[in-house]
Every structure is written in C-alpha cells, then in structure tokens.
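The following exercises are to be worked through with the sequence and the coordinates at hand. Each task is followed by a solution in steps.

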Amino acid sequence: MKKRQVSATRTVAAPPEKIFELLADPSKHPLIDGSGTVLAAQDGGPERLSLGARFGMDMKMGASYKILNTVVEFEENRLIAWRHFNGHRWRWQLEPRDDGSTDVTETFDWSTARIPLLIDLSFFPRKNKQAIDKTLDRMVKLFQA
C-alpha cells in the first residue's frame with residue numbers, strides 16, 4: 001500500500017510546553033507557516049485549541065479563501081492534528097529531549113482524505129513537503145536564544 005504522508009522533524013531549542021502553546025493558538029500559525037498560504041485566524045474561533053475544536057483560517061494560494069478546520073487528535077504538549085472538509089490531516093508531534101529541547105515532527109497525512117487518489121496525483125505531497133521543511137526551519141529560528 002502506498003504511503004500517503006510526508007513529514008519532517010527538527011530539534012527545537014524549547015520544551016514541548018512552549019511549542020505546544022504556539023501550535024494550540026491559531027492566531028500564531030502565520031508566524032511559522034512556511035507555505036506562505038496561512039494569513040490569519042478568523043474571528044470567533046477558540047483562542048486555544050482542544051480536541052473537537054473548530055477554527056477558521058484566512059488563506060491564500062493564488063486566490064484568497066477561507067478554510068474551517070477541526071482538531072481530530074490531541075494530547076496536551078505532545079500531539080495535535082486538524083483536518084478540514086477533505087479529511088486530510090496536518091499533524092504535529094512533540095518529543096521532549098533530555099537537554100530541554102524538543103523533536104518536532106510535522107506531517108501532512110492524506111491517508112484519511114475522502115479521495116486520497118486525487119492527492120496522490122496532485123502536486124500537493126511535494127509542495128507540502130517543501131512547506132513543512134520551511135515551517136520547521138522557521139520554528140527553529142523562532143525559538144533560538
């Protein structure tokens with residue numbers, strides 16, 4: 001069976017609690033977005049994400065659009081993932097290290113998409129892998145001393 005996800009990991013010089021606070025606050029997502037598509041959190045959403053929370057984001061990929069996401073995986077300070085109408089997931093996993101830093105893995109997982117074959121045939125896996133690398137690099141810089 002074809003692997004339907006792309007991911008990358010970086011070591012970030014911060015404890016998982018600090019990184020998780022950033023990820024759980026949709027208004028902060030544009031700070032780390034390496035894709036250039038995440039513009040802002042929409043008004044009226046939660047200030048802090050939790051399992052089942054729904055939050056909207058203003059996006060731009062060529063044209064501007066809005067997307068509604070739902071948090072579908074959540075473990076405080078360790079794991080958070082959300083999906084939108086097509087069902088694919090953006091997942092963040094945080095693994096603490098003995099030196100106080102954290103291994104951060106971001107994954108684009110389209111195995112849960114409504115029609116994963118469409119994503120298989122698209123440019124999204126390659127483009128999203130590049131964006132993940134840029135996002136994680138931005139996160140590393142954000143938490144540098």
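**Exercise 1. Salt bridges between separate elements**

Task: Determine which residue forms a salt bridge with R48, and where the two partners lie.

Solution. The structure is a predicted model.
Step 1. The partner of R48 is E21, with the closest N and O atoms 2.8 Å apart.
Step 2. R48 belongs to the loop between β2 (38–41) and β3 (54–61), whereas E21 sits in helix α1 (residues 16–23); the pair thus links distant parts of the chain, 27 residues apart.
Step 3. R48 has a relative accessibility of 32% and therefore counts as partly exposed. E21, at 40%, also counts as partly exposed, because that class spans the range between 20% and 50%.

Task: Locate the partner of D120 and state whether D120 is buried or exposed.

Solution.
Step 1. D120 pairs with R4, the closest N and O atoms being 2.5 Å apart.
Step 2. This salt bridge links distant parts of the chain: D120 is in helix α3 and R4 is in the segment before β1 (5–12), 116 residues apart.
Step 3. With a relative accessible area of 17%, D120 is buried, since the cut-off for this class is under 20%.

Task: Classify the accessibility of K66 and D58, whose side chains meet in a salt bridge.

Solution.
Step 1. The N to O distance of this pair is 2.8 Å.
Step 2. K66 is exposed, its relative accessible area being 60%; D58, at 22%, counts as partly exposed.
Step 3. Elsewhere, salt bridges that share partners join R10, K129, D133 and D137 into one network. A search of the whole structure finds twelve salt bridges.

**Exercise 2. Helix α1 and the nonpolar core**

Task: Identify the buried residues of α1 and explain why they line one face of the helix.

Solution.
Step 1. The buried residues in α1 are P16, I19, F20, L22 and L23.
Step 2. Viewed down the helix axis, these buried residues of α1 fall within an arc of 155 degrees, so they line one face.
Step 3. The largest nonpolar core has 32 residues, and I19 and L23 are among those with the most contacts inside it, together with I80, W92, V104 and M139.
Step 4. Two or more residues each are given to this core by β1, α1, β3, β4 (63–75), β5 (79–83), β6 (89–96), β7 (102–109) and α4. The largest share, four residues, comes from α1.
Step 5. Beyond its neighbours within four places in sequence, W92 is in contact with residues including L23, I80, V104 and M139. In soluble globular proteins, nonpolar side chains tend to be buried together.

**Exercise 3. A buried glycine and a surface patch**

Task: Describe the surroundings of G87, and then the nonpolar surface patch that contains I115.

Solution.
Step 1. G87 lies in the loop between β5 and β6 and, at 10% relative accessibility, counts as buried.
Step 2. Neighbours within four places in sequence aside, G87 is in contact with T112 and A113.
Step 3. The C-alpha atoms of G87 and I115 are 8.8 Å apart, although 28 residues separate them along the chain.
Step 4. I115 joins L117, L118 and L121 in a nonpolar surface patch of about 430 Å².
Step 5. Of these patch residues, L121 is found in the loop between α3 (116–120) and α4 (124–142). L121 is exposed, with a relative accessible area of 67%.

Terms used:
Residues numbered from 1 in each chain as written. Predicted model: local features only at pLDDT ≥ 70, side-chain atom pairs only at ≥ 80, totals over all residues. Heavy atoms only, no water. Patch = residues over 30% accessible without salt bridge, like charges linked within 9 Å, V, L, I, M, F, W, Y side chains within 5 Å. Areas by Shrake-Rupley, 256 points an atom, 1.4 Å probe, with all protein chains shown as cover. Salt bridge = Lys/Arg side-chain N within 4 Å of Asp/Glu carboxyl O. Buried < 20%, exposed > 50% of the residue type's maximum accessible area, 1.4 Å probe, protein only. Arc of directions from axis to C-beta. Core = buried A, V, L, I, M, F, W, Y, C linked by side-chain atoms within 4.5 Å. Contact = heavy atoms within 4.5 Å.
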